[in-house]
Amino acid sequence: MLSFYIGSPENTAAQGLWLSADNRWVRYACTLPWDELRQIYPDLLSDFCNDYDDPLRTALACRLIQTQYIVPQDELLLMVQENPYMQYFCGFTTFDPVHNRLSPELLQQFSQIPENIFLDIIELCSRRLPK
């Protein structure tokens with residue numbers, strides 16, 4: 001696994017996976033109001049707290065990716081597994097292309113977020129996303 005770093009590796013000795021700050025998934029991750037969403041929905045995914053550092057971000061990011069690409073869950077699993085930018089967007093602090101930290105069962109649980117809540121979140125987020 002490689003730790004994520006945003007920016008450019010020129011002036012540092014840190015080793016890891018350098019992500020471009022210009023990538024849209026990095027921009028989305030830095031723009032979306034994660035803290036505000038955690039305050040609005042503190043108990044939305046409390047059952048997942050032992051499995052993920054930030055279960056709300058992971059769940060919402062997966063739903064946003066799936067909504068943007070209109071893909072089934074098995075394709076979403078592969079997309080996130082293979083893409084370090086998407087893993088960063090999902091709140092993971094390291095990139096692991098071999099061991100997928102998501103599972104079909106977990107995505108199914110994430111999909112249980114009530115649609116009206118998800119649409120409210122999409123509305124809030126869409127006002128913040130860079131064009």
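**Reasoning through a predicted model**

From the N terminus on, the elements of the protein chain come in the order β-β-α-α-α-α-α-β-α-α. The model is predicted.

Trainee: How many helices and strands does the protein chain have?

Mentor: There are seven helices and three strands in the protein chain. Of its 131 residues, 42% count as buried.

Trainee: What share of the contacts with a separation of 6 or more comes from residues 24 or more positions apart?

Mentor: Such residues account for 61% of those contacts in the protein chain.

Trainee: Let's turn to helix packing. What makes α1 oblique to α3?

Mentor: Helix α1 (residues 24–31) and helix α3 (residues 55–69) pack at about 135 degrees, with their axes 13 Å apart. Roughly perpendicular covers 65 to 115 degrees, and roughly antiparallel needs over 145. An angle of about 135 degrees fits neither range, so α1 is called oblique to α3.

Trainee: Which residues make that contact?

Mentor: Arg24, Trp25, Tyr28 and Ala29 come from α1, while Arg57, Ile65, Gln68 and Tyr69 come from α3. By class, the contact of α1 with α3 has five nonpolar, one polar and two charged residues. The crossing of α1 past α3 is right-handed.

Trainee: And why are α3 and α4 called roughly perpendicular to each other?

Mentor: Their axes come within 10 Å and cross at roughly 110 degrees. Since the range for roughly perpendicular is 65 to 115 degrees, α3 and α4 are therefore given that name. The crossing of α3 past α4 is right-handed.

Trainee: Which residues meet there?

Mentor: Cys62, Ile65, Gln66 and Tyr69 in α3 meet Gln73, Leu76, Met79 and Val80 in α4. The residues of this contact of α3 with α4 divide into six nonpolar, two polar and no charged.

Trainee: Which residues of α4 are buried?

Mentor: In helix α4 (residues 73–82), the buried residues are Gln73, Leu76, Leu77, Met79, Val80 and Gln81. What covers them includes α3, α5 (84–89), β3 (94–95) and α6 (104–110).

Trainee: Between α3 and α4 there is a loop with Ile70 in it. How do you know whether Ile70 is buried or exposed?

Mentor: Exposed means over 50% relative accessible area. Ile70 has 73%, so Ile70 is exposed. Phi of Ile70 is near 50 degrees, a positive value in a residue other than glycine.

Trainee: What makes α3 roughly perpendicular to α7?

Mentor: The axes of α3 and helix α7 (residues 115–126) come within 11 Å and cross at roughly 80 degrees. With 65 to 115 degrees as the range, α3 therefore counts as roughly perpendicular to α7. The contact is made by Leu60, Arg63, Leu64 and Thr67 of α3 and Glu115, Phe118, Ile121 and Ile122 of α7. Those residues of α3 and α7 divide into five nonpolar, one polar and two charged.

Trainee: Why does Leu64 count as buried?

Mentor: Buried means under 20% relative accessible area. Leu64, in helix α3, has 15%, so Leu64 counts as buried. Not counting residues up to four places away in sequence, Leu64 touches Leu32, Phe89, Phe118 and Ile122.

Trainee: How far apart are Leu64 and Phe118?

Mentor: They are 54 residues apart in sequence and 9.3 Å apart in space, C-alpha to C-alpha.

Trainee: And how do you know whether Phe118 is buried or exposed?

Mentor: Phe118 belongs to helix α7. With a cut-off of under 20% and a relative accessible area of 3%, Phe118 is therefore buried. Leaving aside neighbours within four places in sequence, Phe118 is in contact with Leu60, Arg63, Leu64, Thr67 and Ile113. Leu60 and Phe118 are 58 residues apart along the chain, and their C-alpha atoms are separated by 8.0 Å.

Trainee: One last topic, the cysteines. How many disulfides does a search of the whole structure find?

Mentor: The search finds zero. Cys90 is in no disulfide, and the nearest cysteine sulfur, that of Cys62, is 4.0 Å away. A disulfide needs a pair of cysteine sulfur atoms within 2.5 Å.

Trainee: Which of the words buried and exposed fits Cys90, and which fits Cys30?

Mentor: Cys90 has a relative accessible area of 0%, so Cys90 is buried. Cys30 has 56%, so Cys30 is exposed.

Notes
Residues numbered from 1 in each chain as written. Predicted model: local features only at pLDDT ≥ 70, side-chain atom pairs only at ≥ 80, totals over all residues. Heavy atoms only, no water. Buried < 20%, exposed > 50% of the residue type's maximum accessible area, 1.4 Å probe, protein only. Axes fitted to C-alpha atoms, helices over the stretch in contact; angles between N-to-C directions. Helix = DSSP H or I, 4+ residues; strand = E, 2+ residues; numbered from the N terminus. Parallel < 35°, antiparallel > 145°, perpendicular 65-115°, else oblique. Left-handed = near helix turned anticlockwise from the far one by under 90°. Contact = heavy atoms within 4.5 Å. Nonpolar A, V, L, I, M, F, W, Y, C, P; charged D, E, K, R; others polar.
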